[in-house]
Amino acid sequence: MTAANETKAILDRLGVAPAAWGGAMPTRSPIDGSTAGPVVETPNVDAVIARSVEAFHAWKRVPAPRRGELVRLLGEELRASKEDLARVVTLEAGKIVSEGLGEVQEMIDICDFAVGLSRQLYGLTLASERPGHHMRETWQPLGPVLVISAFNFPVAVWAWNACLALVCGDPVIWKPSEKTPLTALATQAIFDRALARFEDAPEGLSQVVIGGREAGEALASDPRVPLVSATGSTRMGRAVAQTVAARLGRSLLELGGNNAMVVTPSADLEMAVRAIAFSAVGTAGQRCTTLRRLLVHESVADALVARLKKAYETLPIGDPREAGTLIGPLIDEASAQGFDAALKQAVEQGGEIVVGGARVERDGVYVTPAIVRMPAQTAVVEHETFAPILYVLTWSDFDDAVAMQNAVPQGLSSCVFTDSVREAEQFLSAWGSDCGIANVNIGPSGAEIGGAFGGEKDTGGGRESGSDAWKAYMRRQTQTVNFSRNLPLAQGVKFDV
Ligand code: UN1
């Protein structure tokens with residue numbers, strides 16, 4: 001069966017309305033290039049925002065633990081439809097089966113996290129300098145949250161944002177990638193089931209906007225949307241950030257990564273090879289946490305590269321629906337052209353291709369993941385190419401290795417493989433990795449939802465998912481209550497009239 005026909009059958013089963021089909025927005029499976037049919041673009045973005053504002057006025061009055069109940073129901077519906085939704089992820093984004101399932105598992109995990117959070121939106125009590133006064137800090141709902149998501153995590157990114165936003169009292173407007181509108185429609189259908197089981201839910205609590213750049217810009221520039229959470233390229237993030245800043249809105253940015261692994265002489269190479277394989281070629285190199293730079297001590301570089309070459313030569317590449325496949329397609333032809341162009345530049349800049357770098361002849365866009373030894377971190381190494389290219393560089397001094405890890409514009413994820421506690425702790429210290437994520441003896445990708453996710457510099461500085469990332473979705477209010485019969489002024493100011 002073509003990928004498109006299978007997708008359509010699942011979307012019918014999930015209850016995606018027939019009215020969603022027949023518009024002008026093309027859909028396309030990267031697996032075989034088949035199209036499930038164009039979908040309808042959202043005609044009126046303004047009306048979507050108005051509905052969201054309306055929903056906010058009702059939702060902010062619902063107690064947070066009760067809001068958590070809706071997210072609990074969403075978790076139940078996701079569990080019930082896990083296989084179907086994961087399959088749509090595979091069909092539309094090209095992920096292998098276990099990664100599609102893993103992505104939906106992340107959605108379920110963040111639901112559970114958010115349900116607990118709904119009873120833990122803690123504020124502070126503060127010491128007032130005035131007698132008979134209470135001071136406290138409270139977190140209040142913020143308003144409609146716009147979620148702009150990328151094709152590579154077409155549903156989990158929505159969930160990280162939406163689950164927190166909903167328990168925080170905020171409605172969600174979702175502008176998915178133009179490359180993956182169907183996963184968004186499938187998710188919305190699942191959300192609607194949860195909503196139908198929730199008494200007195202306001203309309204428009206979560207809405208999907210199908211559309212292109214203009215729709216995204218109209219949403220991001222609207223002052224009725226206090227928070228814009230955008231995941232994607234640094235170029236896109238810069239544009240969104242400027243639009244939102246121009247109206248003094250708040251943005252939460254999850255942009256490009258250029259993630260490194262530092263391998264030291266004491267590293268367990270067997271474990272390193274497995275970590276490198278998963279993080280460099282998993283999702284066909286299309287994660288923002290993908291391993292792109294391997295910084296190896298010169299004494300172990302040749303041995304490690306030889307082992308990797310062997311592993312790369314037998315990588316099972318092909319239809320991600322088939323058992324045993326580890327590398328599915330790239331999302332589209334433009335992506336493969338970026339892969340080709342980066343390899344060409346790497347060679348021009350002194351690189352030597354060790355393995356991979358070719359197209360695989362079949363329907364859809366498939367490439368063989370590449371390893372390239374580079375003499376230095378040249379321009380192409382500093383750039384995030386969203387495809388499976390691993391640059392290998394060597395070092396002789398650990399301080400230099402850390403400096404190399406930090407010497408790129410992006411700052412998302414990083415890791416060190418070592419058995420030395422000194423090296424591990426230095427990597428995690430204030431003069432170690434400058435990234436939002438730093439791991440020891442774990443690859444840079446595959447983060448758990450419990451930690452705050454995001455990075456520094458060109459990665460955008462935002463944090464979403466676990467820890468106290470929820471605070472970005474709320475409005476902090478400092479409250480002072482006078483329960484005395486006097487009116488003392490702060491700082492001892494006297495103002496008697
Ligand atoms: C992304 O690639 O956009 O750490 C996010 C990971 C995933 C999230 C990746 N949990 O690989």
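A residue counts as buried if 20 or more other C-beta atoms lie within 10 Å of its own, as exposed if 12 or fewer do, and as partly exposed in between. The exercises below apply this cut-off, among others, to a predicted model.

**Exercise 1. Determine whether G68 is buried or exposed, and state which residues it contacts.**

Solution. Begin with the position: G68 belongs to helix α3, which spans residues 64-80. Next, apply the cut-off. G68 has 23 C-beta neighbours inside 10 Å and therefore counts as buried. Then consider the contacts. With neighbours within four places in sequence left aside, G68 is in contact with A114, V115, S118, R119 and V167. Finally, take one of these partners: V115 is 47 residues away from G68 along the chain, yet 4.7 Å separate the two C-alpha atoms.

**Exercise 2. Describe the overall dimensions and composition of the protein chain, and decide what its radius of gyration agrees with.**

Solution. First, the secondary structure of the protein chain consists of 15 helices and 22 strands. Second, along the principal axes its C-alpha atoms fill a box of roughly 80 × 60 × 35 Å. Third, a compact globule of 497 residues would have a radius of gyration near 23 Å; the protein chain has 24 Å, which agrees. Fourth, 51% of the 497 residues are buried. Lastly, of the contacts between residues at least 6 apart in sequence, 73% join residues at least 24 apart.

**Exercise 3. State which domains the chain is assigned and how many residues of each are in contact with the other.**

Solution. The domain assignment gives domain 1 (3-255 + 460-478) and domain 2 (259-440). Their centres, taken over C-alpha atoms, are separated by 31 Å. At the boundary, 15 residues of domain 1 are in contact with 18 residues of domain 2. On the side of domain 1 that touches domain 2, the elements giving two or more residues are α4 (82-93) and α5 (97-117). The residues of that side comprise six nonpolar, four polar and five charged.

A separate division comes from the UniProt record. In an unreviewed entry, the annotation "domain: Aldehyde dehydrogenase" covers residues 25-478. That span is 39% helix and 19% strand, and its end C-alpha atoms lie 46 Å apart.

**Exercise 4. Identify the residues around the ligand and explain where the ligand lies with respect to domain 1 and domain 2.**

Solution. List the shell: N152, F153, T231, R287, C288, T289, S445, G446 and A447 surround the ligand. Classify its members: three are nonpolar, five are polar and one is charged. Then assign them to domains. Both domain 1 (3-255 + 460-478) and domain 2 (259-440) give residues to this shell, so the ligand lies between them.

**Exercise 5. Locate the residue that UniProt lists for "active site" and characterise its surroundings.**

Solution. The unreviewed UniProt entry lists E254 for "active site". In the model, E254 is part of strand β8 (residues 250-254). With 30 C-beta neighbours inside 10 Å, E254 is counted as buried. Apart from neighbours within four places in sequence, its contacts are T231, C288, G454, G460, G462 and E464. Two of these contacts, T231 and C288, also appear among the residues around the ligand.

**Exercise 6. Decide whether I449 is buried or exposed, and find what it touches.**

Solution. I449 sits in the loop between β18 (437-440) and β19 (452-453). It has 24 other C-beta atoms within 10 Å and is therefore buried. Not counting residues up to four places away in sequence, I449 touches E106, D109, I110, F113, W160, S465 and G466. For a distance along this part of the chain, compare A472: it is 23 residues from I449, and the C-alpha atoms of the two are 16 Å apart.

**Exercise 7. Examine the phi values of S467 and Q491, and classify each residue as buried, partly exposed or exposed.**

Solution. Start from the general expectation: most residues other than glycine have a negative phi. S467 is not a glycine, yet its phi is positive, about 50°. S467 lies in the loop between β21 (464-465) and β22 (474-482). Having 13 C-beta neighbours inside 10 Å, S467 counts as partly exposed.

Q491, likewise not a glycine, has a positive phi near 60°. This residue is in the segment after β22. With 6 other C-beta atoms within 10 Å, Q491 is exposed.

Definitions and conventions: Residues are numbered from 1 along each chain as its sequence is written. This is a predicted model: local features need pLDDT of at least 70, side-chain atom pairs count only at pLDDT 80 or more; totals for chains, interfaces and linings use all residues. A residue is near a molecule or strand if its C-beta atom, placed from the backbone, lies within 6 Å of it. Ala, Val, Leu, Ile, Met, Phe, Trp, Tyr, Cys and Pro count as nonpolar, Asp, Glu, Lys and Arg as charged, and the others, Gly among them, as polar. Domain bounds come from an automatic or database domain assignment. Two residues are in contact if their C-beta atoms, placed from the backbone, lie within 7 Å. Helices (H or I, at least four residues) and strands (E, at least two) are DSSP runs, numbered from the N terminus. UniProt positions are given in the numbering used here, feature names are shortened, and annotations may be inferred rather than shown by experiment. The radius of gyration is taken over C-alpha atoms; the globule rule is 2.2 Å times the number of residues to the power 0.38.
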